[in-house]
Every structure is written in C-alpha cells, then in structure tokens.
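Thank you all for coming. I would like to take a few minutes to walk through one model, beginning with a single residue and working outwards from there.

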Amino acid sequence: ERVRRIALDALRDMVNGEVIVDRIDGNLLDRFDLVGVAIVDEAERPFLIADRIRARVAIAPLLTRRIVITSIELDRPVVTLSRSHDGPWNYERIFDSGDAPTDVKLGLGSWVDLHGITINDGTLIVHQPYTSDEPRRSETRLRVERDSTGLRQTTEFRQINARIPRLLWADPDSAAVSFRVRQLSMMAGGFQAPEIVGRELRGGG
C-alpha cells in the first residue's frame, strides 16, 4: 500500500488535475497492471479513461529520477482532446509545468520515455471550436453541436489498434514530444456518414 501511494503521488505531481486508479496488480518495481485508470482535469472532465494499463518499468533509471517504461499496453483507452474558443487544449493545461525556466523543477516525471506501446481497441475524441456561425451547406455532414460556449465540432476515431515503438513524452531539454508509429488501424467518424476506415498506417513525429 505504501508503494502504491508513492506511485500515485508521483503520477499526480505530473498533472494539473486528478489521477484515479482503482487497483494496482503486480509489482510496481517490475511488471504491473493499473486497473480502472482515469486522468481528469481540474474541472473533473476526462482526458484519459482505460480499463487496464499493463506496464513494465526499468529500475536503474529511477535512481536518476527518470521514468523509462520498457513496455506498456492499454486496453480500451478513451482519450478526449478538447479546446474551448478562448483557451488552450486540455492536455496543455493538464500537463503544463510552467513556461518560464524558473518554473521548471527537475524531479520524477521530468523525463518520461515509453517503449513498446500497444493500444487495443482505443477511442480518440476531439472537440474543437467551430468558427462559423452555422455549418455551410457544403459542411452539413460535419458533426457540429452547440454547447455553452458556442458551436463545437467533434471528430471521433474508434477501434484504434496501434504499435508505437517509442514515445519520448517528457524531456527537460526539449518541449517537443517525439514518437514513431509502426502500425495503426482505426475508424474515423468526423462526419455524419460515411465513416472512414484506415488500416496499416505508419508515421512519426
């Protein structure tokens, strides 16, 4: 229980919001499962929900306060990216560690390097402002809804199955996120109909 509490505290230090884990199975210093995982922002709006995350951590880098995950598998994760009309993306708020160099405090989570990422049956939902007053005739198939802040366009990617060899999530020497995609398949639903199916996609960033 003490190790579980330390691990959750380290995760919570990395986000502006809340990290919820229903249960941890296995050994946190080797291979473990996080069951019932959720990351929400400060208004309790979800960013990540996953049934189960299986991971294996490298021990030696922890001695220098680096997190290196040698393998990680996410079962049915749902990621929601949202941006309001006058604000940043939710992930920018959740993982913002300060813009000025004086705000940077190196510690556990300043370096996060993920290897062997597998995504099983994932979902990505993207909400962003719709800039026109109303959808034009040529855009009537777009999924546009009105919320408390105005019109919002939603794009949904479902049945995501992916293999990502490496994702460098956090590096104190760079603000960039580096990743490579070996295999990706999904169904995109950014329009009313029909949906788009993508298979065997590859790329990097």
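Let me start with Asp171, which in this predicted model sits in the loop that connects strand S8, residues 150-170, to strand S9, residues 178-188. What is the nearest side chain of opposite charge to this residue? It is Arg66, at 6.9 Å, and Asp171, although buried, has no salt bridge. If we leave aside residues up to four places away in sequence, Asp171 touches Ser110 and Trp111.

Turning now to the strands on either side of that loop, S8 and S9 run antiparallel and are joined by eight bridges, with Leu167 standing opposite Phe179 of S9. S8 is also joined to S6, again in the antiparallel sense, by 14 bridges, and here Asp113 stands opposite Leu168 of S8. Strand S7, residues 144-147, pairs antiparallel with S8 over four bridges; a hairpin of two residues links S7 to S8, and Asp147 has Gly150 as its bridge partner in S8.

Finally, the core. The largest nonpolar core contains 37 residues, and those with the most contacts inside it are Leu34, Ile39, Ile53, Ile69, Ile72, Ile117 and Ile119. At least two residues of this core come from each of S1 (17-26), S2 (31-41), S3 (46-57), S4 (67-75), S6 (112-129), S8 and S9. To take one of these residues, Leu34 touches Val21, Arg23, Ile24, Asp51, Arg52 and Ile53, once more not counting residues up to four places away in sequence.

Notes
Residues numbered from 1 in each chain as written. Predicted model: local features only at pLDDT ≥ 70, side-chain atom pairs only at ≥ 80, totals over all residues. Heavy atoms only, no water. Buried < 20%, exposed > 50% of the residue type's maximum accessible area, 1.4 Å probe, protein only. Lys, Arg positive; Asp, Glu negative; His and termini not counted. Salt bridge = Lys/Arg side-chain N within 4 Å of Asp/Glu carboxyl O. Contact = heavy atoms within 4.5 Å. Core = buried A, V, L, I, M, F, W, Y, C linked by side-chain atoms within 4.5 Å. Pairing = 2+ DSSP bridges.
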